[in-house]
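Me: I'm new to this structure and would like to learn how to read it. Could you walk me through some of its features?

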Amino acid sequence: MSARAVAALRAGLLLAAACALAACTPPGPTASAPGSSGSPSPSVAAPGSVAASPLESPGPAESEGYPVPSDNPTAVATADPPLAGVVVVVDPGHQLGNRHFPAEISAIVDAGMGVRKACNTTGTATPDDVPEATITWGVAQALTAGLESAGAQVVLTRDSDDDALWGPCVDVRGSLANDRAAALVSLHGDGAPSGEYGFHLLVPGPDQATRAESVRLAEALRARLDAAGLPRATYVADAIRASNDYGTLNLSSKPAVIVEMGNLRNASDAATLTDPAGQLAVAQAVAAGVQDFIDDARGGASS
């Protein structure tokens, strides 16, 4: 994909995210890439349509810039946003420039649980060569906007999608939430055989201290991704899999989940995840799942 096409994709995503937050009408989704593998095309909820999402738009009067009448003109709203005071680490998997720094990303680092592995990788790509790093960055931008609109503070493990940069290493990304956050959500796209499709979630192994809370976070995310109409992976039972092989899970002392948003080698999943509307649907679902998880931890419930 050309630099101009990637820039257009980013611009479309940010416009769609802004429209979801401001109740405007975004442009229609881009057409799916030709040459689908024949697997069922995921049904993607339209931007802003995820039930009980923290990205719900304001009422018409508010969105048009007019004050909303109050029964008590002297009353002052004091309610905090639902995620006020919550810090969430969002990890957009890989970095666009990793491919230019093979020595640096191949350096072996501690990945926790006795595992030592490469600092980072280039990630996978769609059949049209859109890099995983660019897709995860796009979804991370919309997810950050959604979480911040609900009152959360978001810490990103990288601050750009830059072909001249590499890293950070998995040991840095995995430990970033430890002294500051309520949860870590790592965004990825899988590189499974092209006939497989759908999302799944990775959680720490059963012998890890964060296992129970991470599973609870994964279940909240799965429920919201289900509600958004995104299909579960055809190759992972119940769309949740435990592993001790990932530094982002092993090194986190806070609940941590890797979201494999779809199989980028599958034409239908690739079309969804390169479409600004599809990226926004995933971001809305993940933001809503994080809020559900925090609400449950506080003893409340999302409306």
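Reply: Sure, let's begin with a cut-off: a residue counts as buried when its relative accessible area is under 20%, as exposed when that area is over 50%, and as partly exposed in between. Keep in mind that this is a predicted model.

Me: How much of the protein is buried, then?

Reply: Of the 303 residues in the protein, buried ones make up 50%.

Me: And how many helices and strands are there?

Reply: The protein has nine helices and eight strands. You can also ask how far along the chain its contacts reach. Take the contacts between residues at least 6 apart in sequence: 81% of these join residues at least 24 apart.

Me: Let's try a disulfide. Which residues form one here?

Reply: The thing to look for is a pair of cysteine sulfur atoms within 2.5 Å. This structure holds one disulfide. C119 and C169 form it, with their sulfur atoms 2.0 Å apart. The two cysteines are 50 residues apart, so the pair links distant parts of the chain: C119 is in the loop between β3 (116-118) and α4, while C169 is in the loop between β4 (153-156) and α5 (170-175).

Me: Are those cysteines buried or exposed?

Reply: Use the cut-off from the start. C119 has 1% relative accessibility, so C119 counts as buried. C169 has a relative accessible area of 14%, so C169 is buried as well.

Me: What is the handedness of the disulfide?

Reply: For that you look at the torsion about the S-S bond. Between C119 and C169 the torsion is about -95 degrees, so the disulfide is left-handed.

Me: How do I describe two packed helices?

Reply: You give the angle between their axes and the distance between the axes. Here, look at helix α4 (residues 132-149) and helix α9 (residues 276-298): their axes come within 8 Å and cross at roughly 50 degrees. That's why α4 and α9 are called oblique to each other. The crossing in which α4 passes α9 is right-handed.

Me: Which residues make the contact?

Reply: On the α4 side you'll find I135, G138, V139, A142, L143 and L147, and on the α9 side Q279, L280, V282, A283, V286, A287 and V290. Sorted by class, the contact of α4 with α9 has eleven nonpolar residues, two polar ones and no charged ones.

Me: What about the backbone? Which peptide bond is cis?

Reply: Check omega. For the peptide bond from G167 to P168, omega is near 0 degrees and the bond is cis. P168 sits in the loop between β4 and α5, which is also the loop that holds C169.

Me: Where do I find a positive phi in a residue other than glycine?

Reply: Try M113, where phi is near 55 degrees. M113 belongs to the loop between β2 (108-110) and β3, and its relative accessible area is 41%, so M113 is partly exposed. Another case is D238, with phi near 60 degrees. D238 is in the loop between α6 (211-227) and β7 (240-243). Its relative accessibility is 54%, so D238 counts as exposed.

Me: One last residue: is P193 buried or exposed?

Reply: P193 has 60% relative accessibility, so P193 counts as exposed. You'll find P193 in the loop between β5 (183-190) and β6 (200-204). The C-alpha atoms of P193 and N263 are separated by 8.1 Å, though these residues are 70 apart along the chain.

Conventions. Residues are numbered from 1 along each chain as its sequence is written. This is a predicted model: local features need pLDDT of at least 70, side-chain atom pairs count only at pLDDT 80 or more; totals for chains, interfaces and linings use all residues. Side-chain values use heavy atoms; hydrogens and water are left out. Axes are lines fitted to C-alpha atoms, for helices over the stretch in contact, and angles run from 0 to 180 degrees between N-to-C directions. Helices (H or I, at least four residues) and strands (E, at least two) are DSSP runs, numbered from the N terminus. Angles under 35 degrees count as roughly parallel, over 145 as roughly antiparallel, 65 to 115 as roughly perpendicular and the rest as oblique. A crossing is left-handed if the near helix is turned anticlockwise from the far one by less than a right angle, and right-handed if clockwise. Contact means heavy atoms within 4.5 Å. Ala, Val, Leu, Ile, Met, Phe, Trp, Tyr, Cys and Pro count as nonpolar, Asp, Glu, Lys and Arg as charged, and the others, Gly among them, as polar. Buried means under 20% relative accessible area, exposed over 50%, partly exposed in between (1.4 Å probe, protein chains only).
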